[in-house]
Amino acid sequence: EDLLEILTDLGVHIERCNGILIVDSSKMKNNILDDERIKSFRASSYFMGVMLSRFGRCEMVAPGGCKIGERPLDMHFDFFKSLGVTFQKKDDRYILECKNQKKGFYRFRQKSVGATINALLYASGLERVELHNISIEPEVIEVIKSLILMGVKINIDNDICVIEGRKNKNGCRCRKNAPCTDPRRRKRRLSDGKIPKRKEKHCAC
């Protein structure tokens with residue numbers, strides 16, 4: 001509910017109908033995310049990738065913690081900086097800005113679900129981004145499937161991912177799937193989501 005309230009404050013229209021959640025972000029605003037609710041849940045860090053992709057700027061208070069414990073955001077910021085995003089911290093706020101970035105390459109030093117998702121969200125608005133050593137967990141696969149439905153081209157080969165994004169994305173209909181813990185089923189989900197295998201050679205571009 002905190003997330004839906006934050007989205008509403010950003011100008012996103014939320015509607016519930018017979019168990020279906022309809023989200024219309026066509027009039028979304030780039031407000032400063034300084035609400036206390038941002039501090040209440042870890043996933044608020046994903047606003048960085050969303051806002052940078054949509055508006056080229058994100059200013060927000062530090063995201064909240066989680067039940068797992070302390071998990072630094074350094075890999076998120078390393079990725080953003082590698083793709084031309086400027087970052088500064090003022091008091092308890094993060095300010096990120098990007099200008100005219102179109103392509104990029106980044107290799108995660110270790111697998112991270114959160115950093116991979118943030119990278120996908122930002123890269124979905126760029127021309128072409130290649131990511132190496134990404135996390136391939138159920139949460140990541142669901143984000144990839146949703147972005148593909150929105151018109152973003154994503155090719156995966158093991159833990160290498162190439163994203164060819166677009167600024168104006170399509171609307172889509174998504175169904176929340178139950179978490180998948182079986183590694184064999186995780187691999188099958190890649191094909192279920194119709195994520196094509198890469199044919200070109202790996203390159204740092």
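The packing of helix 4 against two other helices, the surroundings of Ser124 and two residues with positive phi are described here for a predicted model.

Helix 4 (113-123) takes part in two helix-helix contacts that were examined. In the contact with helix 2 (residues 46-55), the two axes come within 7 Å and cross at roughly 15 degrees. Because angles under 35 degrees count as roughly parallel, helix 2 and helix 4 are assigned to that class. The crossing of this pair is right-handed. Helix 2 contributes Tyr46, Met48, Gly49, Val50, Leu52 and Ser53 to the contact, and helix 4 contributes Gly114, Ile117, Asn118, Leu121 and Tyr122. By class, 7 of these residues are nonpolar and 4 are polar, and no charged residues take part.

The axes of helix 4 and helix 5 (residues 138-149) lie 9 Å apart, and the angle between them is about 10 degrees. Helix 4 and helix 5 are therefore also roughly parallel to each other. On the side of helix 4, the contact is formed by Val113, Thr116, Ile117, Leu120 and Leu121, while helix 5 supplies Glu139, Val140, Val143, Ile144 and Leu147. The composition of this contact by class is 8 nonpolar, 1 polar and 1 charged residues. Ile117 and Leu121 of helix 4 appear in the contact with helix 2 as well as in the contact with helix 5.

Ser124 is located in the loop that connects helix 4 to strand 7 (128-132). With a relative accessibility of 2%, Ser124 counts as buried, because the cut-off for this class is under 20%. A polar atom of the Ser124 side chain lies 2.6 Å from the backbone oxygen of Leu121. Beyond residues up to four places away in sequence, Ser124 touches Ser53, Leu147, Val152, Ile163, Gly165, Arg166 and Lys169. Among these partners, Ser53 belongs to the helix 2 side of the contact with helix 4, and Leu147 to the helix 5 side of the other contact.

Two asparagine residues were noted for their backbone conformation. Most residues other than glycine have a negative phi. Asn18, although not a glycine, has a positive phi of about 50 degrees. Asn18 is placed in the loop between strand 1 (13-17) and strand 2 (20-24), and is exposed, with a relative accessible area of 77%. A positive phi, of about 60 degrees, is also found at Asn158. Asn158 occupies the loop between strand 8 (153-157) and strand 9 (160-164). At 55% relative accessibility, Asn158 counts as exposed, since the cut-off for this class is over 50%.

Key. Residues are numbered from 1 along each chain as its sequence is written. This is a predicted model: local features need pLDDT of at least 70, side-chain atom pairs count only at pLDDT 80 or more; totals for chains, interfaces and linings use all residues. Side-chain values use heavy atoms; hydrogens and water are left out. Helices (H or I, at least four residues) and strands (E, at least two) are DSSP runs, numbered from the N terminus. Buried means under 20% relative accessible area, exposed over 50%, partly exposed in between (1.4 Å probe, protein chains only). A polar contact is a pair of N or O atoms within 3.5 Å; within protein, one must be able to donate a hydrogen and the other to accept it, and residues adjacent in sequence count only if both atoms are side-chain atoms. Contact means heavy atoms within 4.5 Å. Axes are lines fitted to C-alpha atoms, for helices over the stretch in contact, and angles run from 0 to 180 degrees between N-to-C directions. Angles under 35 degrees count as roughly parallel, over 145 as roughly antiparallel, 65 to 115 as roughly perpendicular and the rest as oblique. A crossing is left-handed if the near helix is turned anticlockwise from the far one by less than a right angle, and right-handed if clockwise. Ala, Val, Leu, Ile, Met, Phe, Trp, Tyr, Cys and Pro count as nonpolar, Asp, Glu, Lys and Arg as charged, and the others, Gly among them, as polar.
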